[in-house]
Amino acid sequence: MAYIREERLEWCLDGFLASCELMKVEFERSPGFIGIPLVVNAAFACELALKRILERSLGKPVRGHELRKLWDQVDPTIRKNVIPLVCAP
C-alpha cells in the first residue's frame with residue numbers, strides 16, 4: 001500500500017477538519033441524523049493530524065489506525081503542546 005504524500009496528507013486533514021466543523025453545526029440542529037458521521041469524521045481528522053505530527057518529527061511515513069498507538073508515538077514535548085490546543089474551552 002502506498003503512503004499518502006505529505007502535501008496530500010495536509011490536504012486530507014484540512015478537508016476532514018472542515019467537514020467536522022460543518023457537521024458540528026448540523027449536529028446542533030439535528031443530533032440524531034449526523035451524530036455517527038460526525039464522530040467518524042472527527043476520528044479520521046485526529047488520525048491524519050497525528051500522522052502529520054509523527055511524519056514531521058520522525059521524518060518518515062507512519063502506518064496504523066489506532067489513535068492511542070499513534071498518540072503514544074508522539075514526543076512528550078509535542079504532546080504537552082498539543083493538549084492545550086485540543087482541550088481549550
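This note goes through a predicted model of a protein, from its overall build to a few single residues.

1. Overall build. The protein has four helices and zero strands. Along the sequence, the order of elements reads α-α-α-α.

2. Surface and interior. The protein has 89 residues, and 25% of them count as buried. Its accessible surface is about 6,700 Å². Carbon and sulfur atoms account for 63% of that surface.

3. Contacts along the chain. Consider the contacts in the protein with a separation of 6 or more. Of these, 38% are between residues 24 or more positions apart.

4. The largest nonpolar core. Seven residues form this core: Leu50, Leu54, Val62, Leu70, Trp71, Val74 and Val82. Two elements, α2 (31–58) and α3 (67–73), each give two or more residues to it.

5. Trp71. This core residue touches Leu50, Arg79, Val82 and Ile83, if residues up to four places away in sequence are not counted. Among these partners, Leu50 and Val82 also belong to the core.

6. Val62. Val62 is in the loop between α2 and α3, and it is a member of the largest nonpolar core. Its relative accessible area is 8%, so Val62 counts as buried, the cut-off being under 20%. Val62 and Gln73 are 11 residues apart along the chain, and their C-alpha atoms are separated by 9.9 Å.

7. Glu47. Glu47 lies in helix α2. Is Glu47 buried or exposed? Its relative accessibility is 10%, and therefore Glu47 counts as buried, since buried means under 20%. The side chain of Glu47 makes a polar contact of 2.8 Å with the side chain of His65. With neighbours within four places in sequence left aside, Glu47 is in contact with Gly64, His65, Leu67 and Leu70. Of these, Leu70 is one of the residues of the largest nonpolar core.

8. Val40 and the surface patch. Val40 is also a residue of helix α2. Why does Val40 count as partly exposed? Its relative accessibility is 41%, and partly exposed is the class between buried, under 20%, and exposed, over 50%. Together with Ile36 and Phe44, Val40 makes a nonpolar surface patch of about 300 Å².

9. Helix α2 in review. Helix α2 (31–58) gives two or more residues to the largest nonpolar core. The helix also holds Glu47, which counts as buried, and Val40, which counts as partly exposed.

Methods. Residues are numbered from 1 along each chain as its sequence is written. This is a predicted model: local features need pLDDT of at least 70, side-chain atom pairs count only at pLDDT 80 or more; totals for chains, interfaces and linings use all residues. Side-chain values use heavy atoms; hydrogens and water are left out. A nonpolar core is a set of buried Ala, Val, Leu, Ile, Met, Phe, Trp, Tyr and Cys residues joined through side-chain atoms within 4.5 Å. Buried means under 20% relative accessible area, exposed over 50%, partly exposed in between (1.4 Å probe, protein chains only). Contact means heavy atoms within 4.5 Å. Accessible areas come from the Shrake-Rupley method with a 1.4 Å probe; for residues, only the protein chains shown count as cover. Patches are made of residues with over 30% relative accessible area and no salt bridge: like charges are joined within 9 Å, nonpolar side chains (Val, Leu, Ile, Met, Phe, Trp, Tyr) within 5 Å. A salt bridge is a side-chain nitrogen of Lys or Arg within 4 Å of a carboxyl oxygen of Asp or Glu. A polar contact is a pair of N or O atoms within 3.5 Å; within protein, one must be able to donate a hydrogen and the other to accept it, and residues adjacent in sequence count only if both atoms are side-chain atoms.
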